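Dear colleague,

I am passing on a structure for your consideration. Please find it below, followed by an account of what was found in it.

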Amino acid sequence: MAVVVALCAAVALSGSNRAAQAPAPSTSAPDPKVIQDLVYANRILADQGVVDAFGHVSARDDKDPNRFLLARSVAPALVTTSDILEFDRNGEPVEAHGRSVYLERFIHAAIYRARPDVMAIVHSHSPAVIPFGVTGTILRPIYHMSAFLGAGAPVFEIRDAAGATNMLISNNMLGDALAKSLGDRAVVLMRGHGSVAVGDSILQVVHRAIYTEVNARLQAEAAKLGQSLS
């Protein structure tokens, strides 16, 4: 997959907050290549229309599995290496230096706690996926590029965990509920919100996030033609 640098400016993500107390800094810095790959991932996903001004991608810290890397609260198309922050296992920034962080960072924290095999995560609101979270139609792999969807993507229903909310994963309790819905799958849909893809590398999770969106478009088109042969 070619690395595509997004050319469009986007507004920074609203609905972010600042952490009150930072954990102790790590004694060893993350690999600069992981940070650079995370920047590329943000730009590629923006270019491919999987994320716009909203959405985020993270990677587990290669030096400390209890920490992960995620940009400050900024539109993915604008992310640079200086925007990448380190977070602890509870989703709190290690050294934010006053910069705002994503409100839904708890998505990442909870999944990394629950899934030691996961090394990277994408949360997006890619539009073709949304109908599959609200109609009862299961998002299934329609071709080989989306085989990771397996028997179909589960759907997280936030009302089961917290009743009526603003539908954002704004704390660890909601993050844990989402991680439980994900289980051992590669993708989980979020009713009326978006989706989360996980992978064993940044490269794999970018592939999965892109082809989850492509599969959703193809599946919706195929449904117009009649009964599936699969």
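Are Arg191 and Glu157 buried or exposed? Arg191 is buried, and Glu157 is buried as well, where buried means under 20% relative accessible area, exposed over 50% and partly exposed in between (1.4 Å probe, protein chains only).

Before the remaining findings, a word on the basis of the work. This is a predicted model, in which local features need pLDDT of at least 70 and side-chain atom pairs count only at pLDDT 80 or more, while totals for chains, interfaces and linings use all residues. Residues are numbered from 1 along each chain as its sequence is written, and side-chain values use heavy atoms, with hydrogens and water left out.

Confidence and overall build

The average pLDDT (the predictor's confidence in each residue, from 0 to 100) is 90 for the chain, and 87% of the residues score at least 70. Residues 1-20 have a pLDDT below 50, and this stretch has 49 contacts in the model beyond near neighbours in sequence; a contact means heavy atoms within 4.5 Å.

The chain contains 5 helices and 7 strands, taken as DSSP runs (helices H or I, at least four residues; strands E, at least two) and numbered from the N terminus. Along the sequence their pattern is α-β-β-β-α-β-β-α-α-β-β-α. Of the 230 residues in the chain, 48% are buried. Among contacts between residues at least 6 apart in sequence, 68% join residues at least 24 apart.

Helices

The axes of helix H1 (residues 32-47) and helix H5 (residues 202-225) come within 10 Å and cross at roughly 10°. The axes are lines fitted to C-alpha atoms, for helices over the stretch in contact, with angles running from 0 to 180 degrees between N-to-C directions. H1 is therefore roughly parallel to H5, a description used for angles under 35 degrees (over 145 is roughly antiparallel, 65 to 115 roughly perpendicular and the rest oblique). On the H1 side, the residues that meet H5 include Val34, Leu38 and Ile44; their partners in H5 are Ile202, Val206, Ala209 and Ile210.

Helix H2 is mostly covered, with 8 of its 10 residues buried. Among them are Phe106, Ile107 and Tyr112.

Salt bridges

The whole structure holds 12 salt bridges, each being a side-chain nitrogen of Lys or Arg within 4 Å of a carboxyl oxygen of Asp or Glu.

Arg191 and Glu157 form one, with their closest N and O atoms 2.6 Å apart. Arg191 lies in the loop between strand S6 (187-190) and strand S7 (194-199), and Glu157 in the loop between strand S5 (155-156) and helix H3 (158-162), so this pair ties together parts that are 34 residues apart in sequence.

Arg105 and Glu92 also meet through their side chains (3.5 Å, N to O). Because Arg105 lies in helix H2 (residues 105-114) and Glu92 in the loop between strand S3 (84-87) and H2, this salt bridge joins parts that are 13 residues apart in sequence. Arg105 is buried, at 2% relative accessible area, whereas Glu92 is partly exposed at 22%.

Within helix H5, Arg217 pairs with Glu213, the closest N and O atoms being 3.6 Å apart. These two are 4 residues apart, so about one helical turn separates them. Arg217 is partly exposed, at 43%, and Glu213 is buried, at 5%.

Finally, Asp64, Arg67 and Glu86 are linked in a network of salt bridges.

With kind regards
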